[in-house]
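Here are my notes on the model you sent round. I've kept them as numbered points so you can pick out what you need.

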Amino acid sequence: MILAFYPADWSPVCGDQMALYNEVLSEFQRHGSEIVGISVDGAWCHRAFSEDRNLHFPLLSDFEPKGEVSRQYGVYDYAAGESKRALFVLDGGGVIRWSYVSPIDVNPGADGILTALESIAVPVPQ
Amino acid sequence: MSSRVDAPRLAVDVGPDDHVRGPAVAAVTLVEYGDYECPYCGAAYPIVKDIERILGDDLRSVFRNFPLTEVHPRAFQAAEAAESAAAQGRFWEMHERLFENQKDLDEKSLLSYARTLALDVERVQADLDDHTHEARITADFLGGVRSGVNGTPTFFINGVRHDGSYDLDTLLGALRGAAALPVTPSRAESA
């Protein structure tokens, strides 16, 4: 399971972090993994964003209590009131096997995730 | 930002299958991962052209496909048209048509560009119908993902991801820095 914390829906660039993961979804699945995006945006905001970007994976709303999950993972930005840009790869037992906190203005891409998945999972035969 | 020592590096070296402009021995290589339907790539297109003009033979310029198909439904087929043109030796001409006509990337338009370029249009049509170049485009995309491409456009300068802005002055400055070329104001050059 991949947890992708990010600051906010509606990033103003093409191929923002969630749009990129949307394109790489089949690669994640090939490694037997699923991804969820997490931000403090509300569920209705997520729904609109998800529909607009044709996202094929769930966005979780860390909305009430605000940022609680992000805090538990240690990736809440108290000043901004948003999640940091942080990635966690969990194995089947729920153990965090890899994590990365990106500079807030740098989309971390998918390479680190794929490398982590390769190190812990056997690819699912096609 | 572009000087970050941990900036990702190209996972796939520039090779004979790439679309390349400029000499192999150029002082600096610019690799762009782009999407023909992406407005930011469209905005970067004239900047890259200016840079190619300004740096001349000091620059080797490479374009690789990174179509974001869920947000840009016509990007993949546009890339297929460019690859089809490449199979007839006319990649860059089609590449320019596509970026100069980003709003018209439907199949009829793609074929009209092929016609304008005097390509074998039936062959282009067959390539689009049969998805002849799908594997190559997907390979470009996955190579980009493994290189740390995180959106479009993403640039690599001498193999290192350029995380700064891609306005003319910034990109040109970064290229000159990487090539150890003398840095002069670009305002006059770009006029």
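1. How many bridges join strand β1 of chain B to β3(B), and do the two run parallel or antiparallel? In this predicted model, the count is three, and the two strands run antiparallel. Strand β1 covers residues 19-21 of chain B, and the partner of His19(B) in β3(B) is Phe63(B).

2. On the subject of β3(B), have a look at what β2(B) does with it. Strand β2, residues 28-34 of chain B, pairs with β3(B) over seven bridges, this time in the parallel sense. Tyr33(B) is a handy place to check the register, as it stands opposite Arg64(B) in β3(B).

3. The connection between those two strands goes through a helix. Helix α1 of chain B, residues 39-55, sits in a β-α-β unit with β2(B) and β3(B), and the unit is right-handed.

4. Is β3(B) enclosed or open? Six of its seven residues are buried, so the rest of the structure largely encloses β3(B).

5. Next, helix α2 of chain B, residues 75-87. With 13 residues at 1.5 Å a residue, α2(B) should span 18 Å, and the C-alpha atoms at its ends are indeed 18 Å apart, so the two values agree. After the helix comes Gly89(B), with a positive phi near 80 degrees.

6. How much of α2(B) is covered? Mostly covered is the answer, since 11 of its 13 residues are buried. Among them are Phe76(B), Gln77(B), Glu80(B), Glu83(B) and Ser84(B), along with alanines such as Ala75(B), Ala78(B) and Ala85(B). If you're wondering what they pack against, the buried residues of α2(B) meet β3 (59-65) as well as four helices of chain B: α3 (91-100), α4 (107-116), α5 (121-130) and α6 (134-147). That ties α2(B) back to the strand in points 1 to 4.

7. Stepping back to chain B as a whole, there are eight helices and five strands, in the order β-β-α-β-α-α-α-α-α-β-β-α-α from the N terminus. For 191 residues, a compact globule would have a radius of gyration near 16 Å, and chain B agrees with its 16 Å. Its C-alpha atoms fill a box of roughly 50 × 35 × 30 Å along the principal axes. Of the 191 residues, 42% count as buried. Take the contacts in chain B with a separation of 6 or more: 75% of them are between residues 24 or more positions apart.

8. Chain A has four helices and seven strands, and from the N terminus they run β-α-β-α-β-α-β-β-β-β-α. Its radius of gyration is 14 Å, close to the 14 Å from the globule rule for 126 residues, so chain A is as compact as a globular protein of that length. The box for its C-alpha atoms is roughly 40 × 30 × 25 Å along the principal axes, and 37% of the 126 residues count as buried. Among contacts in chain A between residues at least 6 apart in sequence, 58% join residues at least 24 apart.

9. Last, the interface. Here 18 residues of chain A are in contact with 16 residues of chain B. On the chain A side, the elements giving two or more residues are α1 (17-30) and α4 (111-120), and α1(A) gives the most, with five. By class, that side of chain A has nine nonpolar, five polar and four charged residues.

Definitions and conventions: Residues are numbered from 1 along each chain as its sequence is written. Chains are lettered from A and ligands numbered from 1 in the order in which they are written. This is a predicted model: local features need pLDDT of at least 70, side-chain atom pairs count only at pLDDT 80 or more; totals for chains, interfaces and linings use all residues. The expected span of a helix is 1.5 Å times one less than its number of residues. A residue is buried if 20 or more other C-beta atoms lie within 10 Å of its own, exposed if 12 or fewer, and partly exposed in between; C-beta atoms are placed from the backbone. Two residues are in contact if their C-beta atoms, placed from the backbone, lie within 7 Å. Ala, Val, Leu, Ile, Met, Phe, Trp, Tyr, Cys and Pro count as nonpolar, Asp, Glu, Lys and Arg as charged, and the others, Gly among them, as polar. The radius of gyration is taken over C-alpha atoms; the globule rule is 2.2 Å times the number of residues to the power 0.38. Two strands pair if DSSP finds at least two bridges between them. A crossover is right-handed if, with the strands pointing away from the viewer, the path from the first strand over the helix to the second runs clockwise.
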